[in-house]
Amino acid sequence: MNSDLAQTIGHQRQDQSDPFGSFRHECETALKAGYSALKKTWEHRLPDLDVALTLEDPPNPTFGQLASSLSFELAKTQKKKPIEVARTLANTTRQLAKLDLIESIEATEPGYINFRANLARLTELTLKSVQRDGSEYGLIKTHAPERTVVEHTSANPARPIHIGTAKGAIFGDALARLLAARGHNVRTHFYIDDAGRQVAIMAYGYKLLGEPTPEGKPDHFVGKIYSVTATLVEIEELKKRLVLLRKTNASDTDLVATTKSLDEWVGIAADLQSKYPQEFDRLNKLISKDPDPEKSISELIRKYEKKDLDTTALMRRVTQIILTGFEETLRRARIRFDQWDWETDLLWTGRVAELVGQLKESGFTFDQGGALELDVAKAVEKFGLRETLGVSPTFEFPPLTLLRSDGTSLYATRDIAYTLYKFENAERVINVIGSEQSLAQFQVKVAFWITGHRKEAEKFIYFPIGHMLLEGQGMSARRGRYVTFDQVLDETLTRARIEVDRRSPSIPEELRQRTAERIAISAVRYAILSVEAIKSTNFVWGKVLNFETNSAAFINYAYTRSSGILRKLGKIAEPKAFNLLTDPVEQELALELSKLPETFAEAADDLNPTLLCLYANLLAQRFHEFYEKSDISHVSNDELKWQRVALVLAVRTVLKTLAGLLGLELAERM
RNA sequence: GGGCCCGUAGUCGAGCCAGGACCAAGACGUGGGCCUUCGGAGCCCAAAAUCGUGGGUUCGAAUCCCACCGGGCCCGCCA
């Protein structure tokens, strides 16, 4: 454990229970006392060590629940064998320790000091804590709450959300949930990139068609128009360029490349035509009437930036249609946003211009053919940022174009202004964005340094999302080789429904559907969250749709089984104590429950929801083991029965907490 | 050419930041068991790993450092 985390745990509020943390604290105190005592008696000087850092999880329960490797460290200076040091240290520590949660302290080969927990006491403490704190159990609050903005998803508003973007949405949403539960003031933002070319193309096509009322899901409807329009316009442009190239006797390589690109687009057009024949033919006719589609589109962009009334109305209208569809999809996935930020608002409010002005004054810009460039490399050297940014001494920072020669801004420029904007009401900003943006995110940081926003530069966190492969291949939006988030949710739901129908035919129809919905959304979210965000994920239908092997179903099943127990019992009573839970499966289960606070704090502070997926899986596993071995409804000893019921209730409480953090939905029956 | 990320059983994937009992968690798949007990979407057992390769640091390396190899991505007056 690092010192930050140790400190975090050490500074926990008194009123928040952390059973395993209390055990850890006892071990630390004992070890510190033992070590100080030893320092006074030994001839060789002992170093000042943070003994808390030497405590670790032993590989298996026979070595206790915590172990210290301190003796290995000391053996060096003492010129003794680690095991000898360990024996002496263990003896001293044992004498000075208050043995409450600690059962025993022993030295073992080759030199560890093992701390065995008093599992009876720990079980009791844990169950009391869960009973007392209820749904707040485990959600220990940070001692340094921060106003935090989490920007995520920010899908291009020109086509439906695909599964790659969905990964960012799910991680971003889980991060926001974790941080909020940790006590931070969290706001989620969606960045609407409406100033770019794609929205203009979409609006262009939409207007040509006479602004039809969407049929079916709005984002799919307008997205279709975008794809067709973009393809047709691109083909027009390539044809024009080819004519020009021939006229000017251009090089063969240029001709070949352009021809090849044209062929590719014609292929894509053929696909689109067969998929959407009506829209394709109509748009094809309409666009061919326009002498210069490219010019029409550029004009839309220019007018929109200037907030021309008619253009603005059109652009906002069509973007809003897409966003309505986005919201519908995101709502299905239990993802919500506090704020939707329009990129064009940054332009209209003058924030982008202001930023460019500041950068110009800094002296780190230069002119290149009328365009304004930011000398990123120079700034990196001037401020000595290589180490701060964690890049090697030979990293070449290319300059960043801030303004085109016609004076209009670029996406990167607006993104810097946007991130600064997010800091206006936050101390920390987390950008959940695809890993391909890493250079761009570096540039944002450098721009912060240049404009004197050093505090912001430190508190600006780039959370990269690794690529999503589709059945082993890269996805391609333009080739139509991608899966939409809606498709994934639909397919998973269909499959979940079949499973529920098969396994629980007695449940009423309406409830079966609701159950299937819960299982489906949980399956998708868990499948994404259980693999670290940075890793590229291979999306395989068979895997997401397989509930028999899916961990979300496994976790839910633990919950369902607990429901079954309670249902069978009918009514329950409070136990007098927790002293009869002595079976290893019971104590292992309680031990797992005792670790929620530490696991949660680490997951939230390290921005690592995957950690909680693993924890949830482990807890479910412990519960299933308990379920197999430990009977409840048939035991004749009532006190034992109610004690076991209390354990079951605690598991249910923690499973619900975990579900809330990860955005899973638990079904009572499945 | 420069850089960033990833590389752990047939497959997927924890552990790496904060080195320690690692003959490496868990899962899928494979082989074998368990339904007169609260729901078998489960439990138990078994086989399966040169931790990409080679050096180095260390009492100790999957973990830190260096080099190399493989895969992905970025280096636009695109977004």
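**View 1. Ser405 and other polar contacts with RNA strand B.** In this predicted model, a backbone N or O atom of Ser405 sits 2.9 Å from a base oxygen of RNA strand B. Ser69 gets at a base too, but with its side chain: one of its polar side-chain atoms lies 3.3 Å from a base nitrogen. Asp193 goes for the backbone of the RNA instead, with a polar side-chain atom 2.3 Å from a sugar or linking oxygen.

**View 2. The protein surface around RNA strand B.** Pull back a bit and you find 73 residues surrounding the strand, the closest being Tyr112, Asp193, Phe395, Tyr557 and His634. On the RNA side, sugar and phosphate make up 62% of the atoms that come within 4 Å of the protein. The surface is a mixed bag of 26 nonpolar, 25 polar and 22 charged residues. Helix α23 (551–569) is among the elements that supply at least two residues, as are α3 (70–78) and strand β4 (112–117). The top contributor is α23, with nine residues.

**View 3. The open sheet β8-β9-β10.** Here three strands line up in that order, with antiparallel pairing. At the edges are β8 (365–368) and β10 (400–403), each paired on one side only. On average, neighbouring strands are turned by 40° against each other, ignoring direction. Four bridges hook β8 to β9 (residues 371–374), and Phe366 stands opposite Glu373 in β9.

**View 4. Residues 1–13, the low-confidence stretch.** Chain A averages a pLDDT of 91, and 97% of its residues score at least 70. Over residues 1–13, though, pLDDT stays under 50, and the model has 18 contacts beyond four places in sequence for them. Where pLDDT is low, don't read the predicted coordinates in detail.

Technical notes
Residues numbered from 1 in each chain as written. Chains lettered and ligands numbered in written order. Predicted model: local features only at pLDDT ≥ 70, side-chain atom pairs only at ≥ 80, totals over all residues. Heavy atoms only, no water. Pairing = 2+ DSSP bridges. Axes fitted to C-alpha atoms, helices over the stretch in contact; angles between N-to-C directions. pLDDT = per-residue confidence, 0-100. Contact = heavy atoms within 4.5 Å. Near = heavy atom within 4 Å. Polar contact = N/O pair within 3.5 Å; in protein donor to acceptor, adjacent residues only side chain to side chain. Nonpolar A, V, L, I, M, F, W, Y, C, P; charged D, E, K, R; others polar.
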